[in-house]
Structure formats: C-alpha cells, structure tokens
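Student: Could you take me through the enclosed spaces in this one? I'd like a close look at what lines them.

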Amino acid sequence: MKDLVEAPARGAPDYDVAIVGYGPTGATLANLLALRGMKVVVFERDKDMFALPRAVHFDGECMRVFQTIGIAEALLPNLCVAPGMRFVNARDELLLDWSRPQGIGPQGWCASYKFHQPDLERTLRAQLATTGRADVRLRHEVFALDERDDHVRIRFEDTAHGRLVHTTARYVVGCDGARSMVRRFIGTELADLKSHERWVVVDVLLERERPDLGDYSVQYCDPARPITYTRGPHNRRRWEIMVMPGDDERGIGTTAWIWERLARWVTPADAQLERSAVYTFHSVIAQGWRRGRLLIAGDAAHQTPPFMGQGMAAGIRDASNLAWKLADVIRGELPETVLDSYESERAPHVREFIETAVQLGRVIQTTDQDAVAARDREMTTAIREFRTPQPRLGVGWHVGEPGGHVGPQPVFGDGARFDDAVGYRFALVVDASMADQVRAPLSAEQRERVAVVAASGEVLQAWLDAQAARAILLRPDRYVGGVAHDFAGVVRLLAHAGLEVAGQRSQAA
C-alpha cells in the first residue's frame, strides 16, 4: 500500500457535501443538491451498480421527488401501477384488504408503483452526470472522517489503484446502508423495534404471460409457511418465503428448495430464477442522525420490514427533507440550526411506518396455532380495509396546521403539474387578491428564492379555502411550512424562510 497522498492545503473545502454510498438514497440526495447548485462528491466502494433487483416499490410522494429531479417521465415505461395488497389465511379467506387508487392522486401521480431497482439507479446516475455538479468516485472506500471547525476531512482508499487519499467537504452524509461507517463515526445507537425474521427473497422472470398470478400483492398468512407474492414491471415477479424453525439450514435458498416452495404458482417451465437471497428483516431506528457536520440517511438511519414497501421510500424522503436544508445552510440563507430539524421531523415519521410494518408482520408471521385461530376469527368476521398512514412530520421547520403534512400537487387541465411550474424552491400560494401586494416588496433575488403563486385556479383556491387561509407556504420538499391568514402572517412566513420583506420588519416582529 502506498503512503497517504496529501492534497495541497486550501482555503475553502473542496466540496459542499460529500455523500458516502451511491444507492437510491445517495443518488437522489446528490441530484437534489446539484439542482440547488451545490458541489458534491459521491464515494461508492463498488465498481459497478448492483444489477439485480432489491427494492420493488415506491409511492406517489417518491415519484414527485423523481419529478423534481427530472426523471419521472423517463421512469414511466418501466413502471407498473400497483393496485394494492391482500392478506389471506391458509384457507384463502381474506383477512385484510389494502387496495390502492389506480388514478392520479393528490401527489400528481399514482399512489403506488412497482419498479426494477437497477432501472431507477441507472436513471438517477445518468441524470446526475448531466448536472456537471458532482464528482462520482467508484471503487473509493471512505475509512476515516475528521471533523474540523468548518469542514470534514475525508480519508479514503482508491481501491482501483491502491492509493490512500483525502479531500474535504463542509458536510458528510452517510447513505451507506445498514452497516453504515458514517453512523459509527457519529456514535449513534440503534433502537430495536423488535422484529427480526429470516426470509428468502426470490425474483423470477416469467417465460410467458401469467394473468392468473394477478396484479395484487398477496400476503399468504399460512402458519405452516408464510409467503409473499408481488408482481413487478413486465415479466418480473417476486416471492418472499419465511424461513421456518424446522428448515434444514443446508438447504435453505437452494434451487431445489425454492422450486419446491413455489410449485403452487410456477415451475421451472414457467419462469427462470433471476436472484435469491436470504435476508433478516430488521426493524430499527438510529438514535442520532446528526453530529456536527456528519449526518446519515436511508438504511443507515432506519431499517424496516418490507410489509409496507416503504424501505427505499423512506430513504428517498430523507434525501428530500435534507437536501434543501443543507443547501440553504451552506448558502447562508438559513441558520445551521435548521439541520437539527432533519431528525426531529423525519424520525417520528419513519417510525410510524416501521411500527405499522411490524404490526402487519405480526399478522403475516404468526405461526402459533391458537394465535392464528384467534386472528382468523377476528379478521374474517369483519374484513378490515387498511389505509396507508399519512403521518405528519415531527417537530421542526413548520408551524401550525397543516404544517408538516406533504402538500398536494395539482395537475392542471393541460396536463402541467404544479411542481414543474414553481421549480425546486419555496412556493407561496396566495389568494389572488393578495398576490400583487405580496410580490411588490420582494427583490428580484427574493423572487428567485420563492415562487409567489396566485390561487387563480379552482384547485388552489379550494386548497386555501379548506385551510381557511389567505396563503400557504410550501417548502422545497413540498411539505407545508405554514399558513397565513393576512398579509402580516405572510411576512412572518417569508421571514421564517429567510426572506425579510422590505419595509415590513417591524410588522413581522
């Protein structure tokens, strides 16, 4: 191994943000930061993108983030809209119905999509390359982070050439998975939400059309062997098979073992195995997502069982929450304390999804015969309709109601979507009668930072009316920052976003 190569001393850090890990969370964060003009470096220890399926679901809110990045239309041909999930017992009796709307929903997209993860990652990486704002270093493994007053010194190995090198960045975000190195440097501990079960995940490619398999995901809540089925885009299908106490450890996950358990649905004549892997589905959340200039996101910050399809989606939400805050802090437009709102907002939100997934897992993974009988009696007597949780953000950079909820995205008559019209910045939706009064005192620079949108259309005006508001401030991550009921309230909202309206400081106070 060669000696450490020392880069020449510089007055300013080399990068605004360094991202460790180039999976979906890291790639999403890098794209959003690049949109905000940040200089980014991404470190990824692997040479190539992982080419096999892993995550298979994301929701309309994630699609809205991908829209912001500029890749939503490119993704569409390789997505399928998911109609929902059904839970059935060993007698195929319906226990729980989680149907999802098929049309365009409040986010401006469908509620639920199935996808092939390599397609998403390729598209994210290709889009990042067009920005010219990010250096991507594959086969570079970070091994040390040294925090300084105004930057972090990042030491890493260029494994392709056997060199030890360092660089600097104002902030480092660990998107480096469940065994996160960045999380270890922060020194955070994981809170255990008490669900850890082994499952074999099997992905197949169908040789022919099989409409009989259905489009709904199905949780087969059979105490003899819980199994999940889900469809993917095109000819992709997935089964997840719970490992049982009596299984021969030497046979688990072998080809013969898999085909024996899939025989009810497919045989080797119907499909080819693409991938199988044994996973332990964890439910944990980090107790500390930031220390100074170090932060974590995605699986580094939380892990959830797959029963809601929210694992990757939670990481995309992390990136969306964090990107604009980092950019505004680095530019000096918001105080550094706004970064404290990242964990305080996101941790309760993701915890609700994890706890709900654990509860659903208890329905699926129950194997005690008495408990199964009680479950079936209760749930088949009155079939339960499940609705996707819509948690509010925890305490943070938002005030009042409906602050902390993701705002709707109207789709207008010509097919245009609201987010495309306002861009990746703050948006202030105001009663049309107040719009000129709000715009007049704003400087050209301030108008670049916040889009003032007159609620001249029926959809936006109905939104204001529903909140009894004259104005609603949307953050760049499309969550509601707060509402105002008069011009003085608008001034206060803008001041909260770091925009002092000329001549209005005293009124805002």
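Tutor: Let's start with strand β17, which gives the second largest cavity the largest share of its lining, 3 residues. Keep in mind that this is a predicted model. β17 spans 236-242, and along with β14 (197-206) and β16 (227-231) it's one of the strands that each supply at least two lining residues there. The space inside the second largest cavity comes to about 90 Å³. Its lining has 14 residues, and the ones closest to the centre are Val56, Phe115, Asp203, Gly232 and Arg236. Sort that lining by class and you get 5 nonpolar, 3 polar and 6 charged residues.

How many cavities of 30 Å³ or more does a search of the whole structure find? There are 2, so let's turn to the other one. The largest cavity has a volume of about 130 Å³, and here helices come into the picture: α2 and α7 (311-330) each put at least two residues into the lining. α2 holds the largest share, with 4 residues. In total 16 residues line the largest cavity, and Glu61, Val65, Ser320, Asp477 and Arg478 sit nearest its centre. By class, that lining splits into 7 nonpolar, 3 polar and 6 charged.

Helix α2 is worth following a bit further. Spanning 60-69, α2 also supplies at least two residues to the lining of the second largest pocket, as do β7 (94-99) and α8 (340-365). That pocket has a volume of about 640 Å³. Among its 33 lining residues, Pro106, Gln107, Pro389, Gln390 and Val406 are closest to the centre. The class breakdown for the pocket is 16 nonpolar, 12 polar and 5 charged residues.

Key:
Residues numbered from 1 in each chain as written. Predicted model: local features only at pLDDT ≥ 70, side-chain atom pairs only at ≥ 80, totals over all residues. Heavy atoms only, no water. 1 Å grid on protein atoms, 1.4 Å probe; cavity = no way out; pocket = protein on both sides within 12 Å on 5 of 7 lines; lining within 4 Å. Points joined across faces, edges and corners; volume = space filled by probe spheres on them. Nonpolar A, V, L, I, M, F, W, Y, C, P; charged D, E, K, R; others polar.
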